[in-house]
Each structure stands twice: as structure tokens, then as C-alpha cells.
Amino acid sequence: MLKLFNHIHASIPLPPIATGVFCEYVTASNGVFVRSVRPGLEAMIPVANSTPNTIKGLPPIEPYLHLETRLVPSELLLSILTKAVFTKDSSGNLTEILFHLSLDSSNQWQLTIPVQLTTRTSCQPFDNSSYSTALIECHSHAELSAFFSSTDDADERGFRLYAVLGKVNTLTPEILVRIGIFGHYSLIKANSVFEEPHFITDAYQNSLKPRL
């Protein structure tokens with residue numbers, strides 16, 4: 001029987017994720033975590049942190065990301081960036097654009113660009129058939145910086161990796177990557193998912209700084 005959520009106490013080692021659940025909450029001495037698994041991807045991220053050993057009688061645990069294939073090749077990321085640079089409206093303004101990355105039968109990365117309506121501030125797919133198999137959902141922010149907006153938070157409610165590209169038409173384009181587990185998010189370094197993108201700045205550190 002399909003169960004949306006499961007709840008367990010941490011142990012060392014952690015048991016496999018329960019079969020037939022969307023996600024599993026794990027309470028440990030250092031907080032509460034959520035984890036999930038799907039073909040090609042398993043991850044656990046913090047939901048609520050606490051000082052180690054605050055929750056007595058349980059061991060501390062660490063978040064993790066297991067990507068069951070090679071990192072996304074830098075040449076594939078470059079092709080995504082190039083497409084973002086040349087996606088414009090009828091007035092010549094850069095628009096946002098959505099990309100899906102999934103694994104084919106040979107466990108190789110496959111890029112799909114859904115048929116979509118793109119504007120300067122949004123991208124809305126008409127054909128979202130590639131969504132269910134996508135391990136990575138990436139979209140561009142045109143001239144704006146790489147950041148996850150409140151609209152992104154509302155839209156990105158599945159279990160997969162999410163990436164956003166910013167400043168795509170400059171000499172210093174940016175990328176920001178996060179894990180999303182059914183409405184919970186955790187920023188991660190881009191080189192955890194993509195081969196070292198020398199031509200793109202990882203906005204990870206800047207996104208951790210408080211904004212005044």
C-alpha cells in the first residue's frame with residue numbers, strides 16, 4: 001500500500017528507506033531530516049537543525065546525496081547555457097527557459113527542452129511529458145542573478161535536483177543548485193551534480209549569506 005510519509009528514529013547505520021513511501025522523516029540527536037529515493041537518485045537533507053546531542057538517546061546523522069551515474073558533463077551544461085543565451089522574445093529580450101535532464105536506458109544524461117511559453121520572467125511548458133523522468137530540472141533567469149524565487153518554491157514540489165542559471169548573457173554567468181524533497185530544500189555545490197563548470201560561477205556561497 002502506498003504511504004505518503006514514514007517516520008523513524010536514527011540508527012547507525014540507517015536502514016533502507018521504507019518501500020512504498022514518498023519520503024521518510026528521520027529524527028536524530030542533531031535534528032530532523034527528510035530522505036527519499038527514486039531510480040538514479042537518493043538523498044537526505046535537514047528539515048530542522050539542533051545542537052548535537054540535543055535530542056538525547058539518538059545518534060547524529062549527516063545529509064547525503066547519492067547520484068547513481070556520472071556527473072552531468074560540462075559540455076552538456078554549456079549547451080544549456082548557450083540555448084538560454086539565444087532564447088528571446090519577439091522584441092529581442094532574453095526570456096527564461098526550462099530544461100529537463102534525465103537518464104536514458106544506457107544511464108547517460110539526456111537533455112529535453114519541453115515545448116513552452118517563455119517570457120522575461122517565466123517559462124510555462126505546454127508539453128510536460130519529460131517531467132516525471134527528469135532527475136534535474138533547470139531553468140534560466142535571463143539577465144537576473146541565479147536564485148530560487150518564491151515562485152520556484154511553489155512550483156518545485158517534487159523529488160529531484162533543481163538548478164537555476166543567471167546572468168546568462170554576461171561574461172560571468174551563474175548557477176545555483178539545490179535538492180528538493182517534496183517541498184523541503186537544501187542548497188548544494190554545483191560540482192556535486194555538474195562536472196566542474198569553469199565557465200559558470202557557482203552562486204552557492206553568496207546564497208548562504210544573509211541578505212540585508
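Helices (H or I, at least four residues) and strands (E, at least two) are DSSP runs, numbered from the N terminus. Two strands pair if DSSP finds at least two bridges between them.

This is a predicted model, in which local features need pLDDT of at least 70 and side-chain atom pairs count only at pLDDT 80 or more, while totals for chains, interfaces and linings use all residues. Residues are numbered from 1 along each chain as its sequence is written, and side-chain values use heavy atoms, with hydrogens and water left out.

**Exercise 1. The hairpin of S12 and S13**

Find which residue takes a positive phi in the hairpin of S12 and S13.

Solution.
- Start with the pairing. Strand S12 covers residues 174-181 and runs antiparallel to S13, with five bridges joining the two.
- Take one position. Gly 180 stands opposite Tyr 185 in S13.
- Go to the turn. Two residues sit between the strands, and Phe 182 has the positive phi, near 50°.

**Exercise 2. The open sheet**

Work out the strand order of the five-strand open sheet and name its edge strands.

Solution.
- Recall the principle. Strands of a sheet pair through backbone hydrogen bonds, either parallel or antiparallel.
- Read off the order. It is S1-S2-S3-S4-S5, with mixed pairing.
- Find the edges. Strand S1 (3-9) and strand S5 (64-67) each pair on one side only.
- Add the twist. From one strand to the next it averages 20°. Axes here are lines fitted to C-alpha atoms, for helices over the stretch in contact, and angles run from 0 to 180 degrees between N-to-C directions.
- Zoom in on one pair. Strand S3 (residues 31-38) and strand S4 (residues 41-49) run antiparallel, joined by eight bridges.
- Pick a bridge. Arg 38 has Leu 41 as its partner in S4.

**Exercise 3. Salt bridges**

How many salt bridges are there? For the pair Glu 24 and Arg 35, state which strands the two residues lie in.

Solution.
- Set the rule. A salt bridge is a side-chain nitrogen of Lys or Arg within 4 Å of a carboxyl oxygen of Asp or Glu.
- Count. The rule gives five salt bridges.
- Take the pair. Between Glu 24 and Arg 35, the closest N and O atoms are 2.6 Å apart. Glu 24 is in strand S2 (residues 21-28) and Arg 35 in strand S3, so the contact ties together parts eleven residues apart in sequence.
- Check burial. Both Glu 24 and Arg 35 are buried. Buried means under 20% relative accessible area, exposed over 50%, partly exposed in between (1.4 Å probe, protein chains only).

**Exercise 4. A pair of loops**

Which loops does the salt bridge of Glu 195 and Arg 70 tie together?

Solution.
- Get the distance. The closest N and O atoms of Glu 195 and Arg 70 are 2.6 Å apart.
- Place the residues. Glu 195 is in the loop between strand S13 (184-188) and strand S14 (201-202), and Arg 70 is in the loop between S5 and H1, so the pair ties together parts that are 125 residues apart in sequence.
- Check exposure. Glu 195 is partly exposed at 25% relative accessible area. Arg 70 is partly exposed too, at 40%.

**Exercise 5. More charged contacts**

Is Glu 174 buried or exposed? Which residues are linked in a network of salt bridges?

Solution.
- Begin with the pair. Glu 174 bridges to Lys 167, with the closest N and O atoms 3.4 Å apart.
- Classify each end. Glu 174 is buried, because its relative accessible area is 12%. Lys 167 counts as partly exposed, at 27%.
- Name the network. It links Asp 153, Glu 156 and Arg 178.

**Exercise 6. Cysteines**

How many disulfides does the structure hold?

Solution.
- Apply the cut-off. A disulfide is a pair of cysteine sulfur atoms within 2.5 Å.
- Count. The result is zero.
- Test Cys 138. The nearest cysteine sulfur belongs to Cys 123 and is 9.5 Å away.
- Check burial. Cys 138 is buried, at 1% relative accessible area. Cys 23 is buried, at 0%.

**Exercise 7. Two positions compared**

Find where Gly 92 and Phe 99 lie, and classify each by accessibility.

Solution.
- Place Gly 92. It is in the loop between helix H1 (74-85) and strand S6 (98-103).
- Classify Gly 92. At 44% relative accessibility, this residue counts as partly exposed.
- Place Phe 99. This residue is in strand S6.
- Classify Phe 99. Its relative accessible area is 0%, so Phe 99 is buried.
- Add spacings, C-alpha to C-alpha. Gly 92 and Thr 170 are 78 residues apart in sequence and 16 Å apart in space. Phe 99 and Ala 154 are 55 residues apart in sequence and 18 Å apart in space.
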